[in-house]
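Visitor: I would like a close look at a single part, the metal site and its surroundings. Please go through the ligating residues and then the neighbouring segments.

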Amino acid sequence: MTSAPTLQPKFLPSKNELGLVAVGFSGGQCKPGVDAAPMALIESGLIDQLKNDLEFNVTYDGEVHAYADIMPSSDPDYRNMKRPKGVSAVTKRLCDQVYEHASKGRFVLTLGGDHSIAIGSIAGTQKAIRERLGREMAVIWVDAHADINTPETSDSGNIHGMPVAFLTGLAKEDKQDTFGWIKDEMRINTKKLVYIGLRDVDVGEKKILRENGIRAFSMHDIDRHGIGKVMDMALGWIGQDTPIHLSFDVDALDPQWAPSTGTPVRGGLTLREGDFIAECVAETGSLVALDLVEVNPSLEAEGAAETVRAGCSIVRCALGDTLL
Ligand SMILES: NC(=[NH2+])NCCC[C@H](N)C(=O)O
Ligand SMILES: [Mn+2]
Ligand SMILES: [Mn+2]
């Protein structure tokens, strides 16, 4: 399928209004440094590229949010989760910030931060899309990991391995300050969720994927069919008439291209395959929001710049930069 270069987005009132939220948060996992990613991405010129090359009107408050003011003073483990109240407070706040952009019809770009922040970005986008268009959206989750552990199935207790469980309602919690704020209108449908790039899925997660009939394309599937066919199948599953939120974990890429990330797994996507996925999603004209997460510039002195560069490239491709 070939499409026009300047795509009129199907689900946005304007093709050039973009809201940016920079999330300097690392509490969903244990390695410091992932909070520095938004600044590294911005310093490498991402916002200027969005404005000048891609001609977006960028609405950005100029801040990398660390949310220090809403972090609880005491945050003991709860149901096996590490820092449950902190991650809950931050993602709730982010949900509001993303909702604010999305409800005004802007494309929303969220720069993480670890992948726990997708709880906020996806909840906020879904709520706005429901209100604006009365629909459920699809989520394309590009990752080496499925991030669908419930607090009970997780070995690590790290919440960046759980966002999809909370977003789909497979994990639920009544306590307001521990994800009880996630309401039905913010949740996504397991039937509209598609994974690409999986290669390190926990035993409990495999069971969850199987039992819920969740569509997932592993690296094995990509080797077997090629990335072109896999994207046809993934987008075919979602269908033409559905807004899409793309959540891109940079560890989906092989460490050769993105070494500076907290949980690298060998045998991943090439740089071109990653860009290709983003381009195919851009081509649909249905993309309404994008997360780029898990870039950790402090982990690999050598590979940090390269990882940041790969991240910027994914963002530009998802916004249509490389389509002719
Ligand atoms: N967003 C990520 N990088 N997630 C890695 C998750 C790893 C592992 N499955 C866990 O639950 O802890
Ligand atoms: Mn991952
Ligand atoms: Mn992830």
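Guide: A donor here is an N, O or S atom within 2.8 Å of the metal (3.2 Å for Na, K and Ca); water is not among the atoms, so sites may look incomplete. This is a predicted model, in which local features need pLDDT of at least 70 and side-chain atom pairs pLDDT 80 or more, while totals for chains, interfaces and linings use all residues; side-chain values use heavy atoms, without hydrogens or water. Residues are numbered from 1 along each chain as its sequence is written, and chains are lettered from A and ligands numbered from 1 in the order in which they are written.

The manganese ions, ligand 2 and ligand 3, lie 3.2 Å apart, and Asp-143 bridges them. Ligand 2 is coordinated by Asp-143 (OD), His-145 (ND1), Asp-249 (OD), Asp-251 (OD) and Asp-251 (OD), at 2.1 to 2.4 Å. Along the chain, the donors of ligand 2 follow the spacing D-x1-H-x103-D-x1-D.

For ligand 3, the protein donors are His-115 (ND1), Asp-143 (OD), Asp-147 (OD) and Asp-249 (OD), and these lie 2.0 to 2.2 Å from the ion. The spacing of the donor residues of ligand 3 in sequence is H-x27-D-x3-D-x101-D. His-115 lies in the loop between β3 (107-111) and α4 (118-133), whereas Asp-249 is in strand β7 (residues 244-249), so this pair ties together parts that are 134 residues apart in sequence. Helices (H or I, at least four residues) and strands (E, at least two) are DSSP runs numbered from the N terminus.

Several of these ligating residues are buried (under 20% relative accessible area; exposed is over 50%, partly exposed in between; 1.4 Å probe, protein chains only). Asp-143, the bridging residue, has 0% relative accessibility and therefore counts as buried. His-115 also has a value of 0% and counts as buried. Asp-249 is buried at 2%, and His-145 is buried at 11%.

The loop that carries His-115 has a further feature. Gly-113 lies in this loop, between β3 and α4, and the peptide bond from Gly-112 to Gly-113 is cis, with omega near 10 degrees. Most peptide bonds are trans.

At the far end of that loop is α4, and α4 packs with helix α3 (residues 84-103) at an angle of about 35 degrees, with their axes 7 Å apart. Axes are lines fitted to C-alpha atoms, for helices over the stretch in contact, and angles run from 0 to 180 degrees between N-to-C directions. On the α3 side the residues in contact (heavy atoms within 4.5 Å) are Thr-91, Leu-94, Cys-95, Val-98, Tyr-99, Ala-102 and Ser-103. They meet residues of α4 including Ile-119, Gly-120, Ala-123, Lys-127, Ala-128, Glu-131 and Arg-132.

Leading into α3 is the loop that follows β2 (57-65), and Arg-79 lies in it. Phi of Arg-79 is near 45 degrees, a positive value in a residue other than glycine. Arg-79 is partly exposed, with a relative accessible area of 25%. Arg-83 is found in the loop between β2 and α3; its phi is near 55 degrees, also positive in a residue other than glycine. At 29% relative accessibility, Arg-83 counts as partly exposed.
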